[in-house]
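Please open the model in your viewer and keep the sequence panel at hand, since each stop on this tour begins with something to select.

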Amino acid sequence: MWCKYSFITSVSLSLALLVTGCENKTAQCQRLIQVVNEGNALIDQNKGKQAITSLQLSKDLEAIDTSLEELKLADPKLKEYQSRFQKVFDNLSQAIAKAAKALSAAKTAEASPTGREKIKKARTEIDTSLTAAAKSAGKESDTLMNDLNKYCSQSE
C-alpha cells in the first residue's frame with residue numbers, strides 16, 4: 001500500500017513539474033504583462049494624490065516588484081524583461097516614497113523663516129526626485145512594454 005501512494009505522489013509531482021516547465025511563451029507573456037499592467041494601473045489611479053496615498057502607492061509598487069520576482073518565468077528573454085520592469089517599479093517606488101516624505105515634512109512646517117526654508121527644500125526634493133524618476137520610469141516602461149509586446153507576438 002505504501003508503494004502505491006509513493007508512486008502516485010511521484011507521478012503527481014512529475015506531472016506538476018512537467019506542466020509548469022512546459023508553459024509556453026504566450027502563457028508566460030500573459031502572466032508578465034498582467035503584473036506589469038497592475039503596476040501601471042496603480043500609478044494611473046494615484047496620480048496627483050496626497051502624501052499618505054503616495055506612501056501607500058510606494059508600498060503597493062514594492063508589492064508589484066515582489067509579484068514580478070515570483071513569476072518564475074522559464075523563457076530567458078522574458079526573464080530579462082521581468083528584471084528590467086522590476087527595476088522600473090523599484091526606482092519609481094523609491095522616488096515616490098522620498099517625495100511623499102518631503103511633502104509630509106512640508107505640511108508640518110511652521111510659518112517661520114525656518115519653516116519656509118523647509119518647504120522650499122521639500123519642493124526642490126519633490127521636483128528633482130519625483131519628476132525625474134517619473135519621466136525616466138515612464139519612458140523606460142513604455143519602451144519595455146512595446147518591446148515585450150513585439151516579442152510576445154512573435155511565433156514560438
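Begin by selecting Cys29 and Cys152 and showing their side chains: in this predicted model, the two residues form a disulfide, with their sulfur atoms 2.0 Å apart. A search of the whole structure finds 1 disulfide. If you look along the bond between the two sulfur atoms, the torsion about the S-S bond of Cys29 and Cys152 is about -95°, so the disulfide is left-handed. Now colour the helices that carry the pair: Cys29 lies in helix α2 and Cys152 in helix α5, so the disulfide ties together parts that are 123 residues apart in sequence.

With a surface switched on, are these two cysteines buried or exposed? Cys29 is buried, its relative accessible area being 3%, and Cys152 is buried as well, with a value of 15%.

Next, select helix α4, which covers residues 76-107. This helix has 32 residues and reaches 47 Å from its first C-alpha to its last, which is close to the 46 Å expected at 1.5 Å a residue. At the N-terminal end of α4, add Asp75 to the selection, for this residue caps the helix: one of its side-chain oxygens lies 2.9 Å from the backbone nitrogen of Lys77.

Stay with Lys77 and show its side chain together with that of Glu80, because the two form a salt bridge in which the closest N and O atoms are 4.0 Å apart, and because their spacing of 3 residues in helix α4 separates them by about one helical turn. Lys77 is partly exposed, with a relative accessible area of 32%, and Glu80 also counts as partly exposed, at 37%.

From Glu80, move along the helix to Arg84, whose side chain meets that of Glu80 in a salt bridge with an N to O distance of 3.7 Å. Arg84 and Glu80 both lie in helix α4, 4 residues apart, which is about one turn of the helix. Arg84 is partly exposed too, its relative accessible area being 28%.

Which residue outside α4 should be selected as the partner of Arg84? Glu140 forms a salt bridge with Arg84, the closest N and O atoms being 3.4 Å apart. Glu140 lies in helix α5 (residues 113-153) and Arg84 in helix α4, so this pair ties together parts that are 56 residues apart in sequence. Glu140 is partly exposed, with a relative accessible area of 30%.

Select Lys77, Glu80, Arg84 and Glu140 together, and you will see one network, joined by salt bridges that share partners. A search of the whole structure finds 3 salt bridges.

For the last stop, colour the chain by confidence, which averages a pLDDT of 78, with 80% of the residues scoring at least 70. Confidence is highest in helix α2 (residues 25-45), at a mean of 90, and lowest in helix α1 (residues 2-21), at a mean of 40. Select residues 1-20 and view them with care: the pLDDT over this stretch is below 50, and beyond near neighbours in sequence it has 0 contacts in the model.

Conventions. Residues numbered from 1 in each chain as written. Heavy atoms only, no water. Helix = DSSP H or I, 4+ residues; strand = E, 2+ residues; numbered from the N terminus. Buried < 20%, exposed > 50% of the residue type's maximum accessible area, 1.4 Å probe, protein only. Expected span 1.5 Å × (residues − 1). Polar contact = N/O pair within 3.5 Å; in protein donor to acceptor, adjacent residues only side chain to side chain. pLDDT = per-residue confidence, 0-100. Contact = heavy atoms within 4.5 Å. Disulfide = S-S within 2.5 Å.
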